[in-house]
Amino acid sequence: MRFKHPRNAFAVGLLFVAIAVVYYLVSHDAGGTTTLFALGIAMGLAAYALVVGTPDDL
Amino acid sequence: MPITRNKRTRPAALVLSLLLALVAAGCASQFPQLYPPNASTSQGAEVRTLYDIVFVLAVVIFLAVEGAIIYAVVRYRRKPDDADLPPQTHGNNLVEIIWTIIPTIIVVYLFVVSWQALNTVEAKSDHPGVRVKAIAERFAWSFAYLGDDGTTPLFTTDAQGHGVFGTMVVPVGEPIHVTLHSPDVIHAFYVPKFLFKRDVNPGPVENNFDFTVDAGDVGQTFRGQCAELCGAGHGGMTFEVKAVTRAEFDTWLKQQIDAAKKAPPASGSPPAGSPPGGSPPAAGPVIELAAQNLAFDKATLQAPADKPFQIHFVNKDNATQHNVQIKNPDGTVAFSGDLVTGPAEANYNAPALKAGSYPFSCVVHPAMTGTITVQ
Amino acid sequence: MPQTAHDGALADLPRHGISNPILGMILFICSEVMFFAGLFAAYFNVRATAPIWPPSVAEVGPIAEHFDLHAEPWLAAVLTIILVSSSFTCQLGVWAIRRNDRRGLIRAIAVTLVMGVIFLIGQGYDYSQLGFGLSDGTFGTTFFTLTGFHGAHVLGGVIMLSVVLFRAMSGQFTARHHDAVEATSIYWHFVDVVWIALFSILYIIPTR
Amino acid sequence: MATTALTPAATYRSALYEWVTTTDHKKIGILYLVNSFVFFFIGGILALGVRSQLAVPDNKLFSPDLYNQLFTMHASLMLFLFIIPILAGFANYVVPLQIGAPDMAFPRINALSFWMLPLAGIIMLAGFLVPGGAAAEGWTSYSPLAQAKYSGVGTDLWLVAVTLIGTSSILGSVNFLVTIFKMRAPGMTMFRLPILVWTALVTSVLVLMATPVLTSALIMLFIDRNYGGAFFDPANGGNAVLWQNIFRFYSHPAVYIMILIVMGIVSEVLPVFSRKPLFGYKAFVFATAGIGALGFSVWAHHMFTTGTVYLPFFSFMTFLIAVPTGVKMFNWIATLFRGQLTFATPLLFALGFLTMFLIGGINGAFSAAVPVDFALHDTYWVVAHLHYVLFGGSVFGVFAGVYYWFPKMSGRMLNETLGKIHFLLVFIGFNVTFFPMHLLGLEGMPRRIATYASTAGWNQLNLLATIGSLIIAASAVPFLWNVLISLRSGEPAGDDPWEGNTLEWATTSPPPPYNFDHLPEIRSERPVFDARHGRTGGHGGQS
């Protein structure tokens, strides 16, 4: 997959950060928010690494 | 290898489609049973209404989609002269958008109606008619009736004959406020006819809810059961909810409170069992009895006639309550020992009994039974 | 060729990707993030549901007198500085071997390894001075589980650094072939970041 | 990129040694399948124990404690040692072939991932031999019931075993992701990946992100049980529902870990046997990713009755998942439309999947409506629902995959007649067993009870379900017999017995080590179809 700016792959993580924010606003549950937020970080990092990690010819 | 199995596979296709039709027909003939029972509470009636909405949509969707599958299976079998490829359709944006939007509308509708129903079901009265604290302890239910402040206990159903053990008596037609308390593991308060259940969480935060039994259900007894796995006795952890009129309830409650005042629960009901901690061994013979794996180790016991005797009771079931209750041949309670939570022991001082055969059981586990022969 | 691509200047150049072992390590670290997320979720949950945090003497008894980590954060602060510095020395090693500077790699990794061991010893000393243990209520359990699992990860990193050091001294790495160095370095940075989060949460963020 | 030298083993090695030490993804894939089926049959025997106990009311065949162990181990084996690993096994065998790769990215880690599983299975089953018996808290292992004062050392073994399985899954998922992103053949762009590969990709992401959360929960419970921790036991100041939150954060994505690859298998089988491409390839890919993403924000829909979660949020997200799932169902049906259907056994099982999964999806919507869930939660309705999804869905799909790829794995066809008998028995037995459970749930039979009173009115339906379970058990006979005789004397399959679309059909059956002598040109998601018909039949998507 060609991305002009691989950092855009972090947007995948932003989705979960957004869910975490919404979830916190409606529920005020600290534990669930922590996992969702961390999921955003992990997803963003994984997506970025996979996009950057793929050579251009694939 | 080209596929040339058409002739052989055609019967299979027919059988398959027949089967699918049978399943659909089977569902149809069982429509009445695919409903939950008619609810006996106003909250349950809301749930039932919502169930009906979801059910109608579910049936329509099932028939439409299943119909499409069966149609495709019957209509598009490969024929012997099908040498050319069928049209290679890769997709159709319009169709795909339509079948994304329609389900979205359906689920948003379902969400909205279920949220509305939820608000009704969860609503709590400021002035409930009765406040009850349901206590779920492995593996039995007891019910504490609370004063109007919601904390002062008036009396608690227990093994010594206060109320009926494991039975909650409530008046019909007014909101009953229930708080749920567990001293050990998670249980769940579930009455199928109420179409409702709520977990009994151990810990400082207690769940609570209101229910209102329909006036038309007065005199009924509803079966309730623990619905969250709590250990070996989970399946036997049942209770009953008895619906009575307000007048009957008031009389009953007053009787129970008076009885509780007369004989504090700690010393047991007439005749008294030994207080916990073990009193000094009384006169008379000592009978050994143990409970393990939700059963007594002996099915028959011998006791002397007309002489008080003692039962040395060993509860070997970890974190499980047992006791020994002896009944007279006419069914009245002759003796009921205090509940002991295992592993633990107790010395029960039983009264003098006349010669005869007396059934005994554990009040928490009615399936645990035996017979005492007094001679 | 192992090469961590960057945005900006490199965005328009053809990318050669990340080598399989390094990519695997990054993905593994993503899963480690979620592992710690579970532990942190437990911590924040008990912290949010407790009436006061840390629990008071009235609530859990005299053991709570030892719970005020904010009073004496100095040892932990020094350890934090050591661990953060070791991340820099580790990265110096990576840059060295990219230049094919094997002596620089050995020197940097050795220093990193020593700092990692100092961190572990320091944390062990800190444990011995705290006055409460793993079984002392939610506070003790969450504290020792979080820092203990971080410590276990540091120990894992120290073992990886030892292997890298040994292989570097046997001359196994070149500017072209040093995936193990890159992967270990990324892991070490991750361990460092987790500690920064832990230190901030346990020692700095105000209690109530 | 690591490549392994193509030198054959110089010395003779016994077949056993070869299988134990292999790092070939195809052999490891077959090991996964065989190992999973072993645990499938053990789990099935445990299920028969459960059904025998419930066949009649007031049954004393097993003690309540042993009964709890039976269903706990049944669920644990089926979920952790059958469904999850067997799908990893299919992916292991098929993914490198379908993307034109010689092997997985990390062959030795691949072998390690596999060998943790039998070890974990032995540890878990060893619970039956220790004092106090195996874990008996249900596969969800809710605290405080799972605390040391209520359960024995079997629970510790269970925790260790599940942690091992989780580690195996995580290593496997890293391996799949690197393989899929880095090892594709030239021309195999992301939007030319076969759907099975896409589902394996999304599943790997789910495993990578969700399983470590489970690991953390298991470790915290282990600390509670053995080192006086206070996470989940209110008696020590902990929070009982916290376990459910952390566990469910794993276990809902885990449901998709157990079904997405099955959807991939069905999406391979339906196009081949209707001679059409999958309808709406890209929509299918996005639906798969959408299900994966939404799957992370619905965990508390298993906890509606706990009284501790914000209900509308989870209700809404749960309803939303119906949309991408519905899109997939419509895509499959549209694939059948105007096709030329050949009713070989793989297609029968795939159609069985469609029907059963449809029911499993629809009866799931009932529980998404929170008040209805108050009535249905923890009753046999839920047991019916989860079996319609995981048996009617996953297991039917697994059998479709077995019949579809057996010729590729062994070089021989399975017997079609026996296959159809097998299908009929499973299909009938499954519905006879599990459909009545809907009705039992509506009548108020809670799950996980060791016995019931004869007056409760559940006698006939329970007996019916037990009879159905015997039919399912009988269906194992034609299946095993079929595999046995076909391995010895099945019709030779040739390279491409089904006129397949994807690259595994471009090599020999079974494929040689490192898979391909040469690859056809890859210009669409159906390279073998293109080569057979001399045209490009892609959906036109570019990466």
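The exchange below works through chains B, C and D of a predicted model.

Trainee: How many helices and strands does chain B have, and what share of its 375 residues is buried?
Mentor: The secondary structure of chain B consists of four helices and 21 strands. Of the contacts in chain B with a separation of 6 or more, 69% are made by residues 24 or more positions apart. Within the 375 residues of chain B, the buried share comes to 40%.

Trainee: Which element of chain B gives the largest share of the side that touches chain D?
Mentor: The contact brings together 82 residues of chain B and 84 residues of chain D. On the chain B side, the elements that give two or more residues are helix 1 (6-29), helix 2 (42-75), helix 3 (93-122), strand 6 (187-191) and strand 7 (196-200). The residues of that side divide into 50 nonpolar, 20 polar and twelve charged. The largest share, 14 residues, comes from helix 2 of chain B.

Trainee: Which element gives the largest share of the side of chain C that touches chain D?
Mentor: Here 26 residues from chain C meet 29 residues from chain D, and the chain C side divides into twelve nonpolar, 13 polar and one charged. Two or more residues each are given by helix 1 (20-49) and helix 5 (137-169) of chain C. The largest share, 18 residues, belongs to helix 1 of chain C.

Trainee: Which strands are the edge strands of the open sheet with the order 3-2-1-5-8 in chain B?
Mentor: This open sheet has five strands with mixed pairing, and its neighbouring strands are turned by 30° against each other on average, direction ignored. An edge strand pairs on one side only, which is the case for strand 3 (153-156) and strand 8 (208-212) of chain B.

Trainee: Which residue of strand 8 in chain B is the bridge partner of B:Ile176?
Mentor: Strand 5 of chain B covers residues 175-181 and runs antiparallel to strand 8 of chain B, with five bridges joining the two. In strand 8, the partner of B:Ile176 is B:Phe211.

Trainee: Which residue stands opposite B:Thr300 in strand 21 of chain B?
Mentor: Along strand 13 (residues 300-303) of chain B the side chains alternate, with B:Leu301 and B:Ala303 buried on one face, whereas B:Thr300 and B:Gln302 point to the other face and are not buried. Strand 13 pairs in the parallel sense with strand 21 (residues 369-374) of chain B over four bridges. Opposite B:Thr300 in strand 21 stands B:Thr371.

Trainee: Which helix gives the most residues to the largest nonpolar core?
Mentor: That core holds 377 residues, of which A:Ala46, B:Val47 and D:Ala400 touch the most other members. The helix that gives the most to this core, with 22 residues, is helix 3 (residues 64-98) of chain D.

Trainee: Which residues of chain D does B:Val47 touch?
Mentor: Leaving out residues up to four places away in sequence, B:Val47 touches residues of chain B including B:Ala39, B:Ala117, B:Val121, B:Leu195 and B:Phe196. From chain D, the residues touched by B:Val47 are D:Pro371, D:Val372, D:Phe374 and D:Ala375.

Trainee: How many residues of helix 11 in chain D are buried?
Mentor: Helix 11 of chain D (residues 345-368) has 24 residues, and from its first C-alpha to its last it reaches 34 Å, close to the 34 Å expected at 1.5 Å a residue. The helix is mostly covered, and the number of its residues that are buried is 24 of 24.

Definitions and conventions. Residues are numbered from 1 along each chain as its sequence is written. Chains are lettered from A and ligands numbered from 1 in the order in which they are written. This is a predicted model: local features need pLDDT of at least 70, side-chain atom pairs count only at pLDDT 80 or more; totals for chains, interfaces and linings use all residues. A residue is buried if 20 or more other C-beta atoms lie within 10 Å of its own, exposed if 12 or fewer, and partly exposed in between; C-beta atoms are placed from the backbone. Two residues are in contact if their C-beta atoms, placed from the backbone, lie within 7 Å. Ala, Val, Leu, Ile, Met, Phe, Trp, Tyr, Cys and Pro count as nonpolar, Asp, Glu, Lys and Arg as charged, and the others, Gly among them, as polar. Two strands pair if DSSP finds at least two bridges between them. Axes are lines fitted to C-alpha atoms, for helices over the stretch in contact, and angles run from 0 to 180 degrees between N-to-C directions. The expected span of a helix is 1.5 Å times one less than its number of residues. A nonpolar core is a set of buried Ala, Val, Leu, Ile, Met, Phe, Trp, Tyr and Cys residues joined through C-beta atoms within 7 Å.
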